[in-house]
Amino acid sequence: MKDIEKILETASQKHIDIPLKVEHRIQYTLQYKNKNDWRFYMRKIVTVMASMIIVLIGSVSVYAAFGGTVEGKPIFEWIGIKFSDEYEDYKVNVEGQEITYDETKIDLVSTVGDEGFTILEFDVKLSKEDKEYLRLGESIVTEEDLQRAKEMDEKEYNGTGETPNYNHMSKAKDTLNTVELIFFGQEREEYGRTYYASEPTYNVIIDNEEFWTKTTQTVTKISDYEYKVYQLFLLTDDELDNKENFKITLNNVVLANTGEKKKTESGMQTVNTPNNARYINIGGNFEVEVSKEKAIQNTKVINPENASVSYKKMTKKVEEIKVTPLQIIAKITTEIDDVSIQSLSSNRNEDYIGLIDFNVYDGNDEPLSSCQYEVKRTITYQDGKTEEWATGDIGTAKDFKNATMYLTEYVIIEKKENLDSIKIVPVERKVNSYGEEEKNILGEMNVKLY
């Protein structure tokens, strides 16, 4: 499919509505967690939405065989986070944080607190009964899934012999189940299945106050009955209010199965199927004190004076750089003037700005591993009223003009030895009227670190 109009036409034929806002959110999701061609994902969503539970990389949590540890250091490289070799020096062991469910046990064994993030390390040890119930190590694709895919193909393609659903499902047969930890689990009913999901308004409690923050999870299989889980929370001053010591609470733990992340040519991740999904409501809670004092003592803060770029009616500025022992964290603010619903939603509008990636380089123009998160989006209307929107929102339910939009983003950057400067390059991505993806380098934001 060469353009979005064709994708939407196909969706309509299959009775799947993909509103403008959803289309934008899909693009936005892929931008921030996976930079593969979003048009591929739209095509796959149109094809297999009804038969599989698809998780794009931008969901609340992604569970990956690419996670795990190297000499005690967790790997989040599949989303661009690469920690320095000093990780072990900042890990704090935890004792007495254990939840049991018959013979299954979940231990919180360590924390790491740094400027911008907190990582909790868990050991999961399963009973034989629970391991078998969760189908761990087995394919996520069941015979029921394959049969349903065949039936869908026969119905949708009128016996022409085309089998895209069955082919896609068959390719996922080598994706095996691993474990997933869900916190604040609530029993829900959706698409005819019962599942456990996090509360819609928060996913972490800090000092008894509820917050929704960016979070991700990696899982490594240690043995048939033991798994290592790392849960990362992106915690900024919005959540911590400059606190160096704080308490994290995670309630109502659910142990579930999910598919291991597998790297494919497209980058698509099939996570689960309705027939495969299993959940064990472990219950209980974890409550742990976290400190980032040691990291702060060894962190350098830089406030660049001239690190900004302007494009159309938008200005992006590097407000602050924190060089921590484990990584580099750049806080970037954006102001867009004269914003209207048309300039946000229509690529035919002269003021339209596509999705922005940040590429990062060292002083020798060598690329650095990085990932980016938008954490805040507000808009001030012409009458002076200010609203806070969900990250990535474009306000398609509203009609407005002459507004001003403000964004706050963080770029997490790999810290290498002898790194004395970085260059952050904003790159616009958008699809033109011919259905072709265009990339436009907007300039450079250079920062001296030492």
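In which strand does Asp123 lie? In this predicted model, Asp123 belongs to strand β7, which spans residues 116-125. Asp123 has a relative accessible area of 15% and therefore counts as buried, the limit for that class being under 20%. Its side chain is engaged in a polar contact with the side chain of Lys228, at 2.6 Å. When residues up to four places away in sequence are left aside, Asp123 touches Lys105, Ile106, Asp107 and Val109, together with Tyr227 and Lys228, so that Lys228 appears both among the residues touched and as the partner in the polar contact.

The protein chain as a whole comprises 450 residues, of which 56% count as buried, and its secondary structure consists of 9 helices and 28 strands. Among the contacts in the protein chain with a separation of 6 or more, 68% are made by residues 24 or more positions apart. The chain exposes about 20,800 Å², and carbon and sulfur atoms supply 42% of this area.

Two of the helices, α5 (residues 143-156) and α6 (residues 164-171), have axes that come within 7 Å and cross at roughly 160 degrees. Because angles over 145 degrees are classed in this way, α5 is described as roughly antiparallel to α6. From α5, the residues that take part in the contact are Asp145, Leu146, Ala149, Lys150, Met152, Asp153 and Glu156, and they meet Pro164, Asn165, Tyr166, Met169 and Ser170 of α6. Sorted by class, this contact of α5 with α6 contains 6 nonpolar, 2 polar and 4 charged residues.

A second lysine with a side-chain polar contact is Lys316, which is found in strand β20 (residues 314-323). Lys316 counts as buried, since its relative accessibility is 2%. The side chain of Lys316 makes a polar contact with the side chain of Thr334, at 2.7 Å. Residues up to four places away in sequence being excluded, Lys316 touches Ala307, Ser308, Val309, Ile332, Thr333, Thr334, Ile356, Phe358, Glu409 and Met445.

Strand β20 is preceded by a loop that runs from β19 (308-311), and Lys312 lies in this loop. Lys312 is partly exposed, with a relative accessible area of 39%, and its phi is near 50 degrees, a positive value in a residue other than glycine. Most residues other than glycine have a negative phi. A positive phi, near 60 degrees, is also found for Asn418, which lies in the loop between β25 (403-413) and β26 (421-431). At 78% relative accessibility, Asn418 counts as exposed.

Asn203 is likewise placed in a loop, the one between β10 (193-197) and β11 (204-206), but with a relative accessibility of 5% Asn203 counts as buried. A polar atom of the Asn203 side chain lies 2.8 Å from the backbone oxygen of Thr213. The C-alpha atoms of Asn203 and Ile182 are 9.5 Å apart in space, the two residues being 21 residues apart in sequence. Gly259, in strand β15 (residues 245-259), is buried as well, its relative accessible area being 2%. Between the C-alpha atoms of Gly259 and Val179 the separation is 8.2 Å, although these residues are 80 residues apart along the chain.

Definitions and conventions: Residues numbered from 1 in each chain as written. Predicted model: local features only at pLDDT ≥ 70, side-chain atom pairs only at ≥ 80, totals over all residues. Heavy atoms only, no water. Helix = DSSP H or I, 4+ residues; strand = E, 2+ residues; numbered from the N terminus. Buried < 20%, exposed > 50% of the residue type's maximum accessible area, 1.4 Å probe, protein only. Polar contact = N/O pair within 3.5 Å; in protein donor to acceptor, adjacent residues only side chain to side chain. Contact = heavy atoms within 4.5 Å. Areas by Shrake-Rupley, 256 points an atom, 1.4 Å probe, with all protein chains shown as cover. Axes fitted to C-alpha atoms, helices over the stretch in contact; angles between N-to-C directions. Parallel < 35°, antiparallel > 145°, perpendicular 65-115°, else oblique. Nonpolar A, V, L, I, M, F, W, Y, C, P; charged D, E, K, R; others polar.
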